[in-house]
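Hello,

I am handing over the structure we talked about, and my notes on what I found follow right below it. Please open it alongside this message and read at your own pace.

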Amino acid sequence: MVAEVEGWPVRQRLVVYCGAPGSGKSTHSRRFPRGDILSTHDLRVSAEPAGASYWRRMLVAAKGRLEAGRGVVVDACNTRSGLRRMWLQLEVPALLVVMRTDPQLCRAAQAGREFPVPTGVVSRYCRELEVALRREIPVERWDEVVIVKR
């Protein structure tokens, strides 16, 4: 897969987004081919509750696409280290795109959404992201990490 992120080409087979709800992950991921995007939003629409089977379905879909020689773009919050490690277990070249968006913008983005995330939950994701940036992401095995500030 070759696409442009902030003006430079991406050649990784796996692109994983990380950021709070409303940080711009889905909007930013639209620069990739639609067929490559795996989105937690699409699973929420299917009415399956978040949980282990939810993430298992995403992982199985990603493996299938990679085995078919396709790229995979994961449009999900991924602020917790366990989820990011799950994607790294796919053992393909991987790019992490961190959407570091002002928490006020993330909370404001919930207005008018089909599935708005409560303010307290958005704040928790923002805090988790900051911890991940300081302590976790620097020691994870990403081939590249790009931080997009908004």
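The second largest pocket holds about 170 Å³ of space. Ten residues line this pocket, and those closest to its centre are S26, R30, R34, I37 and D75. Three elements each give two or more residues to the lining: α1 (25–29), β4 (37–39) and α2 (40–45). Sorted by class, the lining has four charged, four polar and two nonpolar residues. Space of this kind is found by rolling a probe the size of a water molecule over the atoms, which shows where emptiness is left. Please keep in mind that this is a predicted model.

Now for the chain as a whole. Six helices and seven strands make up its elements. Starting at the N terminus, their order is β-β-β-α-β-α-α-β-α-β-α-α-β. The chain has 150 residues, and 47% of them count as buried. Its accessible surface comes to about 7800 Å², with 51% belonging to carbon and sulfur atoms. If you take the contacts between residues at least 6 apart in sequence, 77% of them join residues at least 24 apart.

A good place to look next is β3. How many of the residues of β3 are buried? Six of the six are, so this strand is largely enclosed by the rest of the structure. In a regular strand the side chains alternate between the two faces of the sheet. In β3, L14, V16 and C18 lie on one side and V15, Y17 and G19 on the other, and these residues are all buried, so both faces are covered.

The partners of β3 are worth tracing too. With β5, β3 runs parallel, joined by three bridges, and V15 has V73 in β5 as its bridge partner. With β6, strand β3 (residues 14–19) also pairs in the parallel sense, over six bridges. Here C18 has V98 as its bridge partner.

From V98 you can carry on to another strand, since V98 also stands opposite I147 in β7. Strand β7 (residues 144–149) and β6 run parallel and are joined by six bridges. As for cover, β6 is mostly shielded, with six of its seven residues buried.

Next, two residues with an unusual backbone entry in my notes. N78 is not a glycine, yet it has a positive phi of about 50°. You will find N78 in the loop between β5 (72–75) and α4 (81–88). E91, also a residue other than glycine, has a positive phi near 50°. E91 sits in the loop between α4 and β6 (94–100). Which of these loop residues is buried and which is exposed? N78 counts as buried because its relative accessibility is 1%, under the 20% cut-off. E91 counts as exposed because its relative accessibility is 65%, over the 50% cut-off.

Finally, have a look at T79, which lies in the loop between β5 and α4. T79 is buried, with a relative accessible area of 3%. What is T79 in contact with, leaving aside its neighbours within four places in sequence? The residues are C18, G19, A20, R84, Y125, E128, L129, A132 and E136. Two of these, C18 and G19, belong to the buried residues of β3 described above.

Happy exploring, and best wishes!

Key: Residues are numbered from 1 along each chain as its sequence is written. This is a predicted model: local features need pLDDT of at least 70, side-chain atom pairs count only at pLDDT 80 or more; totals for chains, interfaces and linings use all residues. Side-chain values use heavy atoms; hydrogens and water are left out. Helices (H or I, at least four residues) and strands (E, at least two) are DSSP runs, numbered from the N terminus. Buried means under 20% relative accessible area, exposed over 50%, partly exposed in between (1.4 Å probe, protein chains only). Contact means heavy atoms within 4.5 Å. Accessible areas come from the Shrake-Rupley method with a 1.4 Å probe; for residues, only the protein chains shown count as cover. Two strands pair if DSSP finds at least two bridges between them. On a 1 Å grid over the protein atoms alone, a cavity is a set of points where a 1.4 Å probe fits but cannot get out, and a pocket is an open set with protein on both sides within 12 Å along at least five of seven lines; lining residues have an atom within 4 Å of a point. Grid points are joined across faces, edges and corners, and a volume is the space filled by probe spheres set on the points. Ala, Val, Leu, Ile, Met, Phe, Trp, Tyr, Cys and Pro count as nonpolar, Asp, Glu, Lys and Arg as charged, and the others, Gly among them, as polar.
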